[in-house]
Amino acid sequence: MSALLPALADPTDEPALRFPDGAVTYRELAALASDLGVRIAGRSRVAVWATPTLAAATGITAGLLAGVPVVPVNPKAGERELAHIVASSAPEVVLAAPGVELPAALAGLVRIDVDVAGRVPGAAGTTRPVPVPEEPPAKDPALVVYTSGTTGPPKGAVLSRGAIAADLDALADAWAWTGADRLAHALPIFHVHGLVLGTIGPLRRGGSLHHLGAIDGQRLAVAVAEGATMVFGVPTHYHRLAADFEADPDAGRTVGRARLLISGSAALTAVDHARIEKATGLAVRERYGLTETLILTAARADEEPEVGTVGRPLADTEVRLAPLPAADGEQPDEGLGAVEVRGPQLFSGYLDLPEATAAARTADGWFRTGDIGRWTESGLLALVGRQATDLIKSGGYKIGAGEIENALLEHAAVAEVAVVGVPDPDLGERIVAHVVPTDRAAADDDLARGLVDHVAALLAPHKRPREVRFVESLPRNAMGKVQKKLL
Ligand code: MLC
Ligand code: AMP
C-alpha cells in the first residue's frame with residue numbers, strides 16, 4: 001500500500017475539508033494535523049469527540065498521520081454506551097474542540113484541544129516541512145468503530161490502514177472518483193459511512209469534502225451550485241430531500257448538476273428512487289457494506305443502476321450466497337442465500353473479542369454479513385432482508401434490539417419488554433417497544449415519554465423507541481421465548 005493519505009505528504013493549496021465551523025486547504029490540514037500528530041505520536045489509541053466539525057475531522061486526520069488508532073466517539077452517546085466504549089477501547093488521549101465540555105466517562109483521559117480557529121500556525125501559503133512520521137504497515141489498525149450486534153453492548157471493529165485504502169481505491173474504480181471530485185454530505189463522522197467513505201475518502205483521492213452539518217434541499221442545491229460533484233446520504237436523507245425538491249423544483253434541478261448521487265447504509269425504496277430521479281434527472285446509485293467489511297458492492301458510475309439492487313462486487317471482492325437454514329420448518333425461496341464475503345477491505349477483528357471474531361466467519365474463512373440476497377440476471381446483488389430479526393436499521397443506524405431491551409428492563413416501571421423494528425417511510429424502520437408495565441395503572445403517556453428519555457440518555461438518542469406500546473403480556477412459544485413475529 002502506498003501512503004494512506006498521499007495528498008497530505010505533498011500538500012497543495014487546493015481545498016480539503018469544509019465544515020460549518022471552518023475550512024482548510026491541504027497545506028493547512030497537513031500543518032494542523034501533523035502538529036497534532038506529533039503530540040499524540042506513540043499513544044496506544046486516541047478518542048476523538050466526533051461532532052460534524054473541522055476540529056473533529058482534523059483530529060481524526062492527525063491520528064491517521066501519526067499512526068495512532070482512532071476511536072471516533074458519538075458525541076450523543078449516552079452514559080452507559082460511552083462508559084462501555086471507553087472501557088473497551090482504553091484510549092490514552094481524547095481530542096476535542098476547545099471549550100467543549102466532555103462527559104465524566106472521558107474525564108480520566110489526557111485531553112488535547114484541536115484548535116482550528118486560527119486554522120494553521122504557519123498560515124496558508126507556507127511551505128513549512130511537515131514532520132509526518134514514516135507510513136505504518138498496511139496491517140496496522142487505523143480505526144476502532146463501535147457497532148451494535150444482536151445482543152450485548154456494541155463491539156469495536158478494528159479497521160486496518162490497508163483495508164481502508166483498498167476499499168476506497170475499489171470505490172474510486174467503481175465511481176471514477178478522483179481528486180477533481182467535491183463531495184457533499186451531512187453524515188455523522190463516527191460511523192463508516194460518513195467517516196471512511198465520507199471523510200477519509202475525499203482526502204485519499206486528493207479531492208474535497210463539504211460537510212453540510214445538516215441536509216435539506218436548498219442547502220444541498222447551494223453546495224452543488226458551488227461545485228459539489230458527488231452526494232452521499234442514507235435513505236432517510238433522500239426521502240426528506242425528495243419532499244424538499246417537490247416543494248422547490250429549482251433546488252432539485254440544481255442538485256441534478258452533480259455527477260453522482262449515492263445512497264447506502266440501508267435500502268432506498270423504489271418510490272424514493274423514482275422521486276429523486278424525477279426531481280433531479282439523476283438515478284441514485286446504491287452501495288452496500290457493513291462496518292466490519294467496509295463497502296462490498298456498488299452500482300458503478302459507468303452502468304445504468306438497477307433499482308432494487310446494490311450493484312456489483314467491488315474489485316478484489318468476493319461475494320457468495322450460502323444456503324439458508326430452513327426457518328420454522330419452511331424452506332427458503334429458491335435463489336436466496338446468506339451473503340458471505342471475502343476481500344482486502346475486511347476488518348481485522350472485534351477488539352479483544354476473539355470468540356466473537358471467530359464466530360463472524362465461516363470455517364473456510366468467509367465473513368457472514370447476516371444479510372439475505374439473490375443475484376439478478378445481470379449479475380447484480382439484490383438484498384431481500386436480514387437473518388436476525390433482532391437487528392434494526394433506523395435512519396441508517398444499526399441498532400440491536402437486545403441493547404434497548406436491557407436498558408428498558410433497568411427502569412422500575414418495566415416488567416417485560418420486546419423491542420422490534422417496524423416499517424417506516426422516513427427511517428426505514430422505527431423502533432417500537434412493547435412494554436408490560438409493573439403497574440398497569442401507571443402506564444400512561446408520561447411514562448412512555450420517560451422510557452424514551454431513559455433510553456436516549458443511557459444509550460443514544462437514535463436508539464430511543466419512537467413508540468411505546470403498553471401490553472398485558474408478550475406472546476411466547478412453548479419454550480417461553482418471545483415470538484416477535486407476532487408483535
Ligand atoms: C429527539 N432527540 C432527543 C430525544 N428526542 N435527544 C434526547 N432525548 C430524546 N428523547 C434529538 C435527536 O438526537 C436529534 O438531535 C434531534 O432530537 C432530532 O431528532 P430527529 O429529527 O428524530 O433526527 P432523526 O430523524 O433521528 O435523524 C435522521 C438522520 C439520522 C437521518 C439525520 O438518523 C442520521 O444521521 N443517520 C445516519 C446514520 C449513519 O450514518 N449510518 C451509517 C452506519 S455505517 P440532532 O441534534 O441530531 O438533530 C453503515 C455501513 C454502510 O451502515 O453501509 O454505510
Ligand atoms: P452497519 O453494521 O451499521 O455497518 O450496517 C450494515 C448493514 O447495513 C448491512 O448488513 C445491511 O443490512 C445494511 N445496508 C448497508 N447498505 C445497504 C443498502 N444499500 N441496501 C440495503 N441494506 C444496506
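This is a short guided tour of the structure above, stop by stop.

Before you start, note that this is a predicted model, in which local features need pLDDT of at least 70 and side-chain atom pairs count only at pLDDT 80 or more, while totals for chains, interfaces and linings use all residues. Residues are numbered from 1 along each chain as its sequence is written, chains are lettered from A and ligands numbered from 1 in the order in which they are written, and side-chain values use heavy atoms, leaving out hydrogens and water.

**Stop 1: the open sheet**

Begin by showing the strands. Helices (H or I, at least four residues) and strands (E, at least two) are DSSP runs, numbered from the N terminus. Select the open sheet of 9 strands, which follows the order E2-E1-E10-E9-E11-E12-E13-E14-E15 with mixed pairing. Here, two strands pair if DSSP finds at least two bridges between them. At the edges you will find strand E2 (22–25) and strand E15 (312–313), each of which pairs on one side only.

Zoom in on E2 and its neighbor, strand E1 (residues 15–19): they pair in the antiparallel sense over 4 bridges. A hairpin of 2 residues joins E1 to E2. Click on Phe19 and look across to its bridge partner in E2, Gly22.

Now look at how E1 pairs with strand E10 (residues 208–211): the sense is parallel, over 2 bridges. Select Arg18 and you can find its bridge partner, His210, in E10.

Move along to strand E12 (residues 260–263), which pairs with E13 in the parallel sense over 2 bridges. Ile262 has Arg285 in E13 as its bridge partner. Keep E13 in view for the ligand stops.

**Stop 2: a strand covered on both faces**

Next, select strand E4 (residues 70–73). Are its faces covered or not? Both are: Val70 and Pro72 on one side, and Val71 and Val73 on the other, are all buried. Buried means under 20% relative accessible area, exposed over 50%, and partly exposed in between (1.4 Å probe, protein chains only). In a regular strand the side chains alternate between the two faces of the sheet.

Add strand E3 (residues 46–49), which pairs with E4 in the parallel sense over 4 bridges. Trace the chain from E3 through helix H3 (residues 54–66) to E4, and you will follow a right-handed β-α-β crossover. Right-handed means that, with the strands pointing away from the viewer, the path from the first strand over the helix to the second runs clockwise. Finish here with Trp49, which stands opposite Val73 in E4.

**Stop 3: ligand 1**

Select ligand 1 and the 22 residues that surround it; the closest are Lys76, Arg240, Ser265, Arg287 and Arg466. (A residue is near a molecule or strand if one of its heavy atoms lies within 4 Å of it.) Helix H8 (235–247), E13 and helix H13 (445–458) each give at least two residues to this shell.

Turn on distances for the polar contacts, which are pairs of N or O atoms within 3.5 Å; within protein, one must be able to donate a hydrogen and the other to accept it, and residues adjacent in sequence count only if both atoms are side-chain atoms. An N or O atom in the side chain of Ser265 is 2.6 Å from an oxygen atom of ligand 1. For Arg287, a polar side-chain atom lies 2.7 Å from an oxygen atom of ligand 1.

**Stop 4: ligand 2**

Move on to ligand 2, surrounded by 15 residues, with Arg287, Thr291, Asp371, Lys393 and Lys398 the closest. Which strand gives the largest share of this shell? Strand E13 (residues 285–290) does, with 5 residues.

Try selecting Glu286: one of its polar side-chain atoms lies 3.2 Å from a nitrogen atom of ligand 2. At Ala266, a polar backbone atom is 3.4 Å from a nitrogen atom of the ligand.

**Stop 5: three loop residues**

Select Thr293, in the loop between E13 and strand E14 (294–298). Thr293 is buried, with a relative accessible area of 0%. Add Phe367, 74 residues away along the chain: the C-alpha atoms of the two are separated by 8.1 Å.

Now jump to Asp316, in the loop between E15 and strand E16 (318–322). Asp316 is not a glycine, yet has a positive phi of about 65°. Is Asp316 buried or exposed? Asp316 is exposed, at 64% relative accessible area.

End at Asp352, in the loop between strand E18 (349–350) and helix H11 (354–359). Asp352 has a positive phi of about 55°, although it is not a glycine, and counts as exposed at 62% relative accessibility.
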